[in-house]
Amino acid sequence: MHGVGGARPVILGISGSERAGGNTDLALAYAGDLVRSRGAAFHTVYLRDHRISPCSPCGDCNSRPTPCALADDMPGIVEKMRQADGIIYAVPVHGFGLAHLMQIFIERAGVGFLRFDRPLANKVGGIIVTGRRYSDASVHNQLVDNLLLNRMILVGSGFPALLRNTSREPGLNDAEGLDALERMAHRMIDMALLLRAARAAGGSPILPLDDRNERVERGTRGRQGAAQIEQQPVRGEQPTPTRQPTHRAIH
């Protein structure tokens, strides 16, 4: 994988389903076809094929200064996430909630690896949820919170990509859900290309990456934050006493 600085955008799909060839895999494969049709690369990680340990009772997750020490496949998956321009989480609803593979994964990834320097900041995020008919919106909302926590960019694309199937056989039978998935995939590529163009034109990310870790003690963070606000000018601010409004066109 060579996203971000490579020749073309890379979207990474992460499947949290235990069932190979099920509704979630079919939906993610469909998203991959859409991404590839735009000339971007699409890679898939099936969590069921990897050894991912649940969080252990070590108890130092919130205070340790280094990544999680449990020996499993997490570091390799996180590295693929680092290299991608965008990430799609695809997961089924199980027991009115997030399927356990994805739950274990986002816990380990977030607390054990991503919280230190937020490497997913400014990457484009997407979510696909499959289910029969219940709790898919709740699962979607949980993943939205996770992507926002990691400073990712969610591109508005109409209704969320919630795909329902009440049949015993896997299938993409939800026309409205597929329509939402299509819009999401295309707008993710649009945003990835826009971010790449901005980086190429300005030499730096369009959004700042110097965000402070929310795990810093609140009192210290507050003092440092106030000092930085006083010292740092607003981006684009000119030292002249008056400014005329300007408008920048995106070509």
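## Getting to know a predicted fold

Among contacts in the protein between residues at least 6 apart in sequence, 78% join residues at least 24 apart. Keep in mind that this is a predicted model.

User: How many helices and strands does the protein have?

Analyst: Happy to start there! Following the chain from the N terminus, you meet the elements in the order β-α-β-α-β-β-α-β-α-β-β-α-α. Here α stands for a helix and β for a strand. The totals are six helices and seven strands.

User: What share of the 251 residues in the protein is buried?

Analyst: A residue counts as buried when its relative accessible area is under 20%. Applied to the 251 residues of the protein, that gives a buried share of 40%.

User: Are α1 and α5 roughly parallel or oblique to each other?

Analyst: Look at helix α1, residues 23-37, and helix α5, residues 175-202, whose axes come within 9 Å and cross at roughly 40 degrees. Angles under 35 degrees would count as roughly parallel, and 65 to 115 as roughly perpendicular. The crossing therefore makes α1 oblique to α5, so the word you want is oblique.

User: Is the crossing of α1 and α5 left-handed or right-handed?

Analyst: The handedness depends on which way the near helix is turned from the far one, with clockwise meaning right-handed. For α1 passing α5, the crossing is right-handed.

User: Which kinds of residue make the contact of α1 with α5: how many nonpolar, polar and charged?

Analyst: From α1 come Ala27, Tyr30, Ala31, Leu34, Val35 and Ser37, while α5 brings Leu178, Leu181, Glu182, Ala185, His186 and Ile189. Glu counts as charged, and Ala, Leu, Val, Ile and Tyr count as nonpolar. The contact divides into nine nonpolar, two polar and one charged.

User: Is Lys123 buried or exposed?

Analyst: Lys123 sits in the loop between α3 (100-114) and β5 (124-131). Its relative accessibility is 6%, and the cut-off is under 20%, so Lys123 counts as buried.

User: Which residue has its backbone oxygen 2.7 Å from a polar atom of the side chain of Lys123?

Analyst: One residue to set aside is Arg151, 28 residues along the chain from Lys123, where the value of 7.9 Å is between C-alpha atoms. The backbone oxygen 2.7 Å from a polar atom of the Lys123 side chain belongs to Arg82.

User: Which residues does Thr130 touch, not counting those up to four places away in sequence?

Analyst: Thr130 is in strand β5. At 5% relative accessibility, Thr130 counts as buried. Leaving out the sequence neighbours up to four places away, Thr130 touches Asn23, Thr24, Ala27, Val91, Pro92, Val93 and Leu163.

Notes
Residues numbered from 1 in each chain as written. Predicted model: local features only at pLDDT ≥ 70, side-chain atom pairs only at ≥ 80, totals over all residues. Heavy atoms only, no water. Axes fitted to C-alpha atoms, helices over the stretch in contact; angles between N-to-C directions. Helix = DSSP H or I, 4+ residues; strand = E, 2+ residues; numbered from the N terminus. Parallel < 35°, antiparallel > 145°, perpendicular 65-115°, else oblique. Contact = heavy atoms within 4.5 Å. Buried < 20%, exposed > 50% of the residue type's maximum accessible area, 1.4 Å probe, protein only. Polar contact = N/O pair within 3.5 Å; in protein donor to acceptor, adjacent residues only side chain to side chain.
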